[in-house]
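Work through the exercises below with the structure open. Try each task before reading its solution.

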Amino acid sequence: MFRRRAKPWCYCAPALILILIIIVFPIAYTGYISLTNMNLYHWQAYEVIGLDNYARALFKLDSGFMSALGTTLLWTVLNMVIQLVFGFLIALGLNAPKLKLRRLYKTLLMVPWAMPAYISILLWRVGMFNTELGLLNKWLTALGFEKIDFLASNGIAFVSCIALNLWMALPFMISTIDGALQSIDRSLYESAQLDGAGFWTQAWKITIPSIRPVVAPAAVMTTFITFKQFDIIYLLTQQRGYMTGATLNTVITYVHQNAFASNNYGLSSAVSMLLFVIIIIFSFLTNRSLREG
Amino acid sequence: MKKMIATLLSVLLIVSTLAACSTANDPGGDGTAPAGGTTASAETAGGETEDSRPAETTELTIWHDGDESLMQTIADTVNPMLADNGVSLTFEKRTGLSDQLKLYGGDAANGPDMYLWAHDSLGTFVAMEILAPLTDLVDESVWADDLPLTVEAGQIGGTQYLLPLYFETLLFLYNKDLWQGDIPSTTEELYAYMVANTDTSAGTYAVVNQHSTSYNVSPFINGFGGYILDAEGNPGLNDPRTIEAVEYNQKFAALEADGDYNTVTTLFNEGKAAAIIGGPWLVPGIRAAGIDLGVASLSDMTLPNGNPLAPFSGIQGIGVMKAAAETKGDAIALALEALASPEVGIALAEAGGCAPANSLSYEDPDVSSDEVIAAIKHTAETAQPMPNAAEMNVMWGPVDSMLAAVNRNGQDAATAAEEAQAAALQAIADMQ
């Protein structure tokens, strides 16, 4: 009996140990550091100071944090809606029966996803948004308009960041929806057409319900990636030496700016643990709504 | 049989997983055989035979995050001097050196013996208690010939922690084919020249500068008597003189493109800007672009208050890790003496156009005749070392934010300064 029970654990043990080492241990260690006064002035000889860092971290959740949270929610919702809508429409287009060179289009659409994020962001910063060298301003001046600093104020910087995020993230959504579309039984459409269903009715009644089980987990995953997005906003507007004047902040960039730059690892860890709790709650809520849906 | 194999494989996987997590004594180089490091063996560099040296050689590892060819130059110069004493220096490049030192700086087994880095991080490492005072190892006479500015930059609380090797500061670099007339002697004349010779819509500029970067605005801030951080570690962003400087810089910024490093260097190198305010690190790229380069010192340009522009200077120097000082003190002392010699400064000047910290290096005719080095040395008369207190670590962000808000977003300088001061105070409080 014991051997029968032990055997599956034995087989799973390598993976479990790996998870323990690379996922659970860092979280637990961060939790431990959050209870200490580890900072520049107590780098080696730090000691446990209880929940002091959490009290300070909660103070960090001030009006600036709430504003950043609002920006993050808006950022996440807008990105997800646009990604799902555009991803769906582009994938439908790629699956149009008479489309030629579809493999070429699919390959080209994958290029932004294949590029390292850091390179893509720097390319857009200089190659697209830059006032002197950027393509957009070249077009504007060629048409006789004034140059626009696309990253200087919050509104336009937000739109610029969304444009870049879409460029980088759409390929994943397109390929996921495209894959899901391939799995739909064509006879369903033929029956619907015989019953007189138009394009939108087919899409609403057949396509969307059919791809939902595949697309929903991808959408949830992308929602989390978008929620904790750091690199686009940081590298476009906040990188040291390249600040643009925009004061756009998501939760993660705000926390980075306010806690991580200080080299106070105790405080940073406490903020991280609080963020971890927020994301876990968010995850539970999302999973529940997914099940209920 | 299958069950046995499956169980065996599981056990093997567990063992290998745990083995992979075991502590290695070598995070990338133990100093004896560094991967990708810059090693100049005493034998090859000095041309001496194995027999003339002590049986055991003490290998000293220096971490850096700079130009590897410069490090090679230092190693090639110093190792022959140390060969007879059985000491050898090895340079290892570590990207993100500051973070690397935070991880390994206090680790005798895995950390370096010394590091070479700019002086503005010194306060951070001293606060972490990972550095040894140089006077624990060598006499003050070792750096007696160094320029006072460079020596001062290596001190925290009056204690010398950094041995200066070379320094850099901002210069007025201009394209002789594009610049018309003499270089202005006042900033107002410069501004008038910029107004007359800049066409922003056409993308042609008289002068470009990283106008929203603290380092590049320092000539104005220091010239007006303002400050970013005082000696006690207090920020001075809302000091009236700092605000005055930021306001004054604003009108120049409007004529200097977007202030992005890539933009301004490209504009200058492509001949779309007649001059650039930048450091000697730009010179190789400018020369490669085929520009007939002229160099002037910012010290020769005065502000409306009569003060000369006073840029920050960055001093590159050697710090000694406390753990290494305890175990390899004698070898490190010999290395420091060799590194402080004028020959190192001369070699760096010849190889990389660096301005030596050692004043004796300037007696070399090749060094003294170098136009860029001469301008840097001249600027040292008004330049101020970047603050090196630990608090400086968190100051760059608020200052750059303030400058970008004023120059690129049109925010009122006084309001931006108050916000940046509050952010700086909060960041400093968060360090504790």
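## Exercise 1: The contact between the chains

Task: State how many residues each chain brings to the contact, and describe the side that belongs to chain A.

Solution. The contact takes 34 residues from chain A and 39 residues from chain B. The model is a predicted one. Next, look for the main contributor on chain A: helix α1 (residues 2-33) gives the most to the side that touches chain B, with seven residues. Then sort that side of chain A by class, which yields 18 nonpolar, 13 polar and three charged residues.

## Exercise 2: The build of chain A

Task: Find the secondary structure of chain A, and decide whether chain A is more spread out than a compact globule or not.

Solution. Step one is to count the elements: chain A has 12 helices and zero strands. Step two is to compare sizes. For 293 residues the globule rule gives 19 Å, but the radius of gyration of chain A is 24 Å, well over that value, so chain A is more spread out than a compact globule. Step three adds the outline, since the C-alpha atoms of chain A fill a box of roughly 80 × 75 × 30 Å along the principal axes. Last, check the burial: 29% of the 293 residues in chain A are buried.

## Exercise 3: The two domains of chain B

Task: Give the bounds of the domains of chain B and describe where domain 1 touches domain 2.

Solution. Start with the domain assignment, in which domain 1 of chain B covers 36-168 + 314-379 and domain 2 covers 170-313 + 388-431. The centres of domain 1 and domain 2 of chain B are separated by 30 Å, taken over C-alpha atoms. In the contact, 20 residues of domain 1 of chain B meet 18 residues of domain 2 of chain B. On the domain 1 side, the elements of chain B that each supply at least two residues include α5 (122-127), β7 (162-169) and α15 (371-379). Of these, α15(B) gives the most, with six residues.

## Exercise 4: The nonpolar cores

Task: Which residues touch the most other members of the largest nonpolar core?

Solution. The largest nonpolar core has 138 residues, and B:V78, B:A335 and B:M402 touch the most other members. Helix α17 (residues 413-431) of chain B gives the most to this core, with nine residues. The core draws at least three residues from each of domain 1 and domain 2 of chain B. Now take one member: leaving out residues up to four places away in sequence, B:V78 touches B:L89, B:A335, B:A338, B:L339 and B:V344. Finally, a second, separate core of 14 residues includes A:I121, A:A152, A:C161 and A:L248.

Note on methods
Residues numbered from 1 in each chain as written. Chains lettered and ligands numbered in written order. Predicted model: local features only at pLDDT ≥ 70, side-chain atom pairs only at ≥ 80, totals over all residues. Domains from an automatic or database assignment. Contact = placed C-beta atoms within 7 Å. Helix = DSSP H or I, 4+ residues; strand = E, 2+ residues; numbered from the N terminus. Nonpolar A, V, L, I, M, F, W, Y, C, P; charged D, E, K, R; others polar. Rg over C-alpha atoms; globule rule 2.2 N^0.38 Å. Buried ≥ 20, exposed ≤ 12 C-beta atoms within 10 Å, placed from the backbone. Core = buried A, V, L, I, M, F, W, Y, C linked by C-beta atoms within 7 Å.
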